[in-house]
Each structure stands twice: as C-alpha cells, then as structure tokens.
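Student: I am new to this structure and would love a close look at one part of it. Could you take me through a helix and then show me what surrounds it?

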Amino acid sequence: MQVNSEATTGPTTQEAPTEPAREPRPGTMAAGAVVSRQLGAGDAEKAAALRKMKLLALSLLIAMAVIFVFAFALQKEYPWLQYVRAAAEGGMVGALADWFAVTALFKYPMGIKIPHTAIIPRRKDQIGASLGEFVETNFLSEQVVQDKLASVNIARRAGVWLAAPGGADRVAKEGAAVIRGAFKVLNDDDVQAVIEGMVRKHLLAPPWGPPVGRLAERVFHDGHHHTLVDLLVDRAADWVDDNHETVTRLVSDRSPTWVPQFVDGLVGDKVYLEILKFVRAVQADPRHQVRQSIDKYLNDLAQDLQHDPAMIARAEDIKAQVLGDPEVRELASRTWGTVKNALLGAVDDPDSELTIKFKAAVRDFGSRLVDDPELAGKVNAWIGDAAGYLVRTYRSDIAGVITDTVARWDAEETSQKIELQVGKDLQFIRINGTVVGSLAGLAIFTVAQLIFG
C-alpha cells in the first residue's frame, strides 16, 4: 500500500521548482523551463485541486483495503461480511486498474518501464503531429471557416461598431498612430528621392510640347481663353484712361525738335484719342479683328506645340530652364515637407478638418453596412473569400505551428503540464473505478451465491 501511495500521488507540480535543475535535452530549447515556470506561477489553484483529488482517490483505495482486511478476517464469524469483502475486493481491483490506466498516460507506473505506458512523454511528437493534423482537417477547412464567418455576419457587427462615436474615434486614433509611426520609420531623404524620381519620370521625361498643345487646343476650341482676353483688354482700356499725360509725353519726346510744342500737344491728343478709341472698340466687339487675330495666334501656337519640331524644342528648353536639378530637388523637398507637416498636424488635432471628415466617413460607412444589405453582403463575401484563401494557402503552415511547438517542448514537463490541466478530471476515473468495482464485485459475488449457494 505504501508503494501504491507513492505511485498514486506522484510528484506534484508544486514540487517541480524544488527539484535540482536539469540541463535541457538537445532539441528541446528552453520551452521546458517556460512550462515549469508556468506550472509554479499561474496554475497553483489547479495544482492544489489535483492534489486533493489524488488524495481522495487514494483515501478510497485505502478505505477499501481496510474494509477488505476486516471483512476477510471476520467473515467466518459473520457470514454477511462476505458481501462486504467482495465489494471491497472489487473496489480495490477497480481502483488499482484505473490508477494504472491514469498513471500510464503520464509516467511509468512505479518507475517500471511497462510497455505502452508513459504514453504522453514517449509519444509527445506523434501526439503533436496528430493534433496539428486534426486541427487542419476539422477546423482549418475552407468551408468550415466560411460558414462560420457567414453565420457571424461580420459586416453588420463591424458596421454597428463603426457607426457608434466610440468606434469612429478608435479608428481615427489608431489610424493617427499608424501615420505617426510610418513617418517615424520613413527616412526623409529616401522619400524625397522617391518623389524626385517620380517627378523626373512622369513630369520631366515626357516632352511637354505635345500634351500642352493638346490641352491648349481644347481650351482654345471651347473658348475658355476669352475670359482672359477680356481681362487683358479691360486692363489695357483702364490703363489708357488713366495715362493721358503719359501718351502725350511719349509723342512729344519722340517728335523732332523743330516741331512747335503746341503741335506736339495736338498730335499727342490725337494719338491718345485714337488709341482710346481703338481699345474701346476691341473691348466692345467680341468679334473684333484683334480678338480674331489673338484666337488665330493661340490656335497656331497650340498646333505648333504638337507638330512643329522647333516649337517642341523651345518648350523643352523652357522646361529645362524652369525645372533643372536644383529646382526638382527643392520641389521634392517642399512637397514632402508640406505633406508630412500637414498630415502630422491634422492627425494630432482631434478637431482638425481631416480628423472630423475621417470620423464622419467612418460612421457613414458603418451606417451603410448596417442599412444596406447588398453592401454588407459584398463585404461578408470579400471577408469570406479572403479567409478562404488564407486557410486554403496556409492551413498546413498554421497547423504546423502546433506540431512544431509541441515538438520543442520538454517531454516530462509537457506531461506535467497536461496532467495539471486534465488530471483533476482523470482522478474521477479512479474514484468511479473504486465505486463501480465495489458494485461489480458485490453483484458478481451475489449472483455466484444465488447460483452455487
């Protein structure tokens, strides 16, 4: 009975920290130490419950043994004790059998290497592989995942959360954190180099003449330039109105010295009046010859920009002068600096226009997910397809995490960990075995007495 007591109670999980430290086995890494620390730190309550159940099962076995001894010794004097002896005998057999079965899962019973015992320590890797295969087959099935997602209706739940002020605020807060983190990670010089490269590729490398000419042709054909021409003519008329003395003085300055001064004044007045009359005529007549000449000149310019090699070359020269290397680098630097400062200022200010509009857009999208079944159905379909693709593509890798993790665990401490999680329930098997064995022993002995007397 003393041997049975030691085998039944075994080394508890609280005793593990007091054992001498063992060197990790090759290939086990440090997972065993992690399990051991978890046993002592987070599972004290389970360890205590397991010890109580072991003590209860052992107590029942000892009680059966004591009852058996007394009944066996006194059954001749008290024949009815034969039934008690039979019940106690059956209870001991059941308790010992179930103790052996439970112990064989986690260790060698009494340290004897009996075949098909210490199942978990010996077959840890196979158990991990089987568990991974089980999860992959039964849980990481594309159809199972999609059916579960369809039953949950993620789109509507997400819509309810997004439509609430707290959800929109949370999304805005997390989005701001992502933007700030991205700006911290990004190198300004690298970003500016990318912008500069994009400017050179998309803005400087293509010739400017033909696209500018095509754009100008459409503008001139639709008459959008007439507003600008009207503005220039109006400004010219206003200038003439305000500069009578300037015009007459120019005429007088360019007149021969022998011409009398009063003649210069008359000629200057005449020239001024003709200029004013001419400008007023251009201003008043939308079909004036000057306007038509301007239209013709602009249309010819648009065509030359598209088809005249000399004009195209001149446009390229202007482009090179306006956007040389220093100018492009400065443009990239200013662009990135402006975008960065604007975004950081907007995300840091909860009352900024960007933040307010972003929250409104999030709430609007959430409301649409709730109120628009078609949109919600599309979102659910996208989520289901994405999850199905992930499961279909990576199911073996996901399940492999279970197999690889179990393979890295230390066998003995893994056995202790599993026993700690399920050992309390397994001790009920020993208790039930004691009770069922007692009833079975009593029933068998009673039937035998009835038959054979």
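Tutor: Happy to! One term before we start: a residue is called buried when its relative accessible area is under 20%, exposed when that area is over 50%, and partly exposed in between. Keep in mind too that this is a predicted model.

Let's begin with helix α9, which runs over residues 165-185. Its buried residues are G167, A168, A172, A176 and F183. With 21 residues at 1.5 Å a residue, α9 should span 30 Å, and its end C-alpha atoms are indeed 30 Å apart, so the expected and modelled lengths agree.

Now follow F183, because it leads out of the helix: F183 belongs to the largest nonpolar core, where it joins V191, I195, V199, L204, L323, V328, A332 and W336 to make 9 residues in all. Two elements give two or more residues to this core, namely α10 (188-204) and α17 (325-348). The largest share, 4 residues, comes from α10. To see one member at work, pick V328: setting aside residues up to four places away in sequence, V328 touches E196, V199, R200, L204 and L323. There is also a second, separate core of 8 residues, which includes A155, L162, L375 and V379.

For another helix to set beside α9, turn to α18, made of the 19 residues 353-371. From first C-alpha to last, α18 reaches 26 Å, close to the 27 Å expected at 1.5 Å a residue. Buried in α18 are T355, K359, V362, G366 and L369. They cover an arc of only 85° around the axis, which puts them on the same side of α18. The face turned away from that buried side carries the exposed residues E353, K357 and D371.

Aromatic rings give us another trail to follow. A search of the whole structure finds 4 aromatic pairs. One of them joins Y83 and F445: the ring centres are 5.2 Å apart and the planes meet at 85°, so this pair is edge-to-face. Since Y83 sits in helix α4 and F445 in helix α20 (residues 411-452), the pair ties together parts that are 362 residues apart in sequence. The two partners have different surroundings: Y83 is partly exposed at 32% relative accessibility, while F445 is buried at 14%. W99 and F100 form an edge-to-face pair as well, with 6.5 Å centre to centre and 65° between the planes. Here W99 is buried, at 5% relative accessibility, and F100 is partly exposed, at 31%.

While we are at α4 (residues 81-106), V84 is worth a stop, as it lies in that helix. V84 is partly exposed, at 28% relative accessibility. Leaving aside neighbours within four places in sequence, V84 is in contact with I67 and A71. V84 and M64 are 20 residues apart in sequence, and their C-alpha atoms are 9.7 Å apart in space.

Finally, a word on confidence. The mean pLDDT of the protein chain is 81, and 90% of its residues reach 70 or more. Confidence is highest in α4, at 90, and lowest in helix α1 (residues 2-9), at a mean of 37. Over residues 1-39, pLDDT stays under 50, and the model has 53 contacts beyond four places in sequence for that stretch.

How values were computed. Residues numbered from 1 in each chain as written. Predicted model: local features only at pLDDT ≥ 70, side-chain atom pairs only at ≥ 80, totals over all residues. Heavy atoms only, no water. Expected span 1.5 Å × (residues − 1). Buried < 20%, exposed > 50% of the residue type's maximum accessible area, 1.4 Å probe, protein only. Arc of directions from axis to C-beta. Contact = heavy atoms within 4.5 Å. Core = buried A, V, L, I, M, F, W, Y, C linked by side-chain atoms within 4.5 Å. Phe/Tyr/Trp six-rings, centres within 6.5 Å; stacked < 30°, edge-to-face > 60°. pLDDT = per-residue confidence, 0-100.
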